[in-house]
Amino acid sequence: MRKRNVGLIALFAAGSVAVAALAQRAGHSRAEGSKGTESLQRPPLAKNEAEKRILDVLDDIHRNQFRGWNISPEDGRLLRVLTESMGAKNVVELGTGVGYSSIWLCLALQSTGGKLTTYEIEAHRASLARENFKRAGVNGIVALVEGDAHEEVTKLREPIDLLFLDADMDGYVGYLNKLLPLVRPSGLIVAHNMVRPPPDPRYIEAITTNPDLETIFLLMDHAGVAVTLRKR
Ligand SMILES: C[S@@+](CC[C@H](N)C(=O)[O-])C[C@H]1O[C@@H](n2cnc3c(N)ncnc32)[C@H](O)[C@@H]1O
């Protein structure tokens with residue numbers, strides 16, 4: 001039995017080395033995989049020039065700008081898949097940072113014909129984000145609101161397809177209370193940092209005990225993401 005385990009481990013190790021070698025040979029550098037998925041996950045492939053331009057800027061931001069603050073590439077790919085698959089037209093993001101997660105959202109929105117409204121309180125980060133939006137060619141579909149999101153979001157009126165929470169974590173409950181009425185039926189609320197930093201237990205309570213909502217937790221081997229559906 002032990003011999004069989006040793007054999008399996010050797011096979012797995014050889015497989016991982018072979019996959020890593022293949023990836024290296026193919027020049028893959030984007031979106032390093034998480035521990036659990038790295039043997040299966042491949043980097044995103046650009047379907048056209050617009051997508052290539054966006055992926056290149058994402059790669060550059062991930063390597064060179066505020067790496068610890070930004071979501072991971074895997075989180076970004078999740079945002080893109082959710083946003084694009086639901087055909088989202090109106091996405092709201094709290095916590096722009098330098099625009100890394102915003103650009104992942106825009107990767108989806110440039111194909112759905114939608115738009116992003118994103119909020120950032122810190123002027124220097126907002127200015128870097130604006131530059132990054134231009135570099136990625138998505139500035140035409142993003143409105144960056146500079147200021148305290150707690151106040152600014154009260155001006156929103158349109159139904160929201162997807163709401164992404166990634167600002168002050170003790171504010172998540174307040175954001176949810178203010179914006180849930182605007183999230184359309186079958187819309188999503190995606191909240192970042194469900195593992196680290198530790199989430200506000202009041203937010204977890206709010207999204208897991210309301211019968212109008214269905215919540216799943218994903219990518220918990222990264223910072224952790226809660227995906228909450230507003231039921232019809
Ligand atoms: C974790 S960073 C966002 C990272 C970004 N979502 C990404 O992954 O590229 C959180 C951001 O929220 C901003 N923030 C914190 N409190 C805020 C508030 N009340 N209103 C607007 N932005 C806020 C911070 O300045 C910071 O840039």
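**Exercise 1. The loop between β5 and α8**

Task: In this predicted model, locate N193 and decide whether N193 is buried or exposed.

Solution:
- Start with position. N193 lies in the loop between β5 and α8.
- Check the backbone. N193 is not a glycine, yet its phi is positive, about 70°. Most residues other than glycine have a negative phi.
- Count neighbours. The cut-off for buried is 20 or more C-beta atoms within 10 Å. N193 has 22 C-beta neighbours inside 10 Å, so N193 counts as buried.
- Stay in this loop. P197 also has its place between β5 (183–192) and α8 (201–208). The peptide bond joining R196 and P197 is cis, with omega about -15°. Most peptide bonds are trans.

**Exercise 2. A positive phi in a strand**

Task: State which strand holds S186, and classify S186 as buried or exposed.

Solution:
- S186 sits in strand β5.
- Its phi is positive, about 70°, although S186 is not a glycine.
- The cut-off for exposed is 12 or fewer neighbours. S186 has 11 C-beta neighbours inside 10 Å and therefore counts as exposed.

**Exercise 3. Laying out the sheet**

Task: Give the strand order of the open sheet and explain why β3 and β6 are edge strands.

Solution:
- The open sheet has 7 strands in the order β3-β2-β1-β4-β5-β7-β6, and the pairing is mixed.
- β3 (142–146) and β6 (213–218) each have a single partner strand, so one side of each lacks a neighbour in the sheet.
- From one strand to the next, the twist averages 15°.
- Now take one pair. β5 and β7 run antiparallel over 5 bridges. H192 has V225 of β7 as its bridge partner.
- Add the helices. Helix α4 (residues 100–112) packs on the sheet and touches β1, β2, β3 and β4. Its direction makes about 170° with that of β2.
- α8 packs on the sheet too, touching β5, β6 and β7. The direction of α8 makes about 125° with that of β6.

**Exercise 4. The surroundings of V227**

Task: Place V227 in its strand and list its contacts beyond four places in sequence.

Solution:
- V227 belongs to strand β7 (residues 225–230).
- V227 has 20 C-beta neighbours inside 10 Å, so V227 counts as buried.
- Leaving aside neighbours within four places in sequence, V227 contacts L82, L188, V190, T215, I216 and L218.
- L79 is 148 residues from V227 in sequence, but their C-alpha atoms are 9.9 Å apart.

Key: Residues are numbered from 1 along each chain as its sequence is written. This is a predicted model: local features need pLDDT of at least 70, side-chain atom pairs count only at pLDDT 80 or more; totals for chains, interfaces and linings use all residues. Helices (H or I, at least four residues) and strands (E, at least two) are DSSP runs, numbered from the N terminus. Two residues are in contact if their C-beta atoms, placed from the backbone, lie within 7 Å. Two strands pair if DSSP finds at least two bridges between them. Axes are lines fitted to C-alpha atoms, for helices over the stretch in contact, and angles run from 0 to 180 degrees between N-to-C directions.
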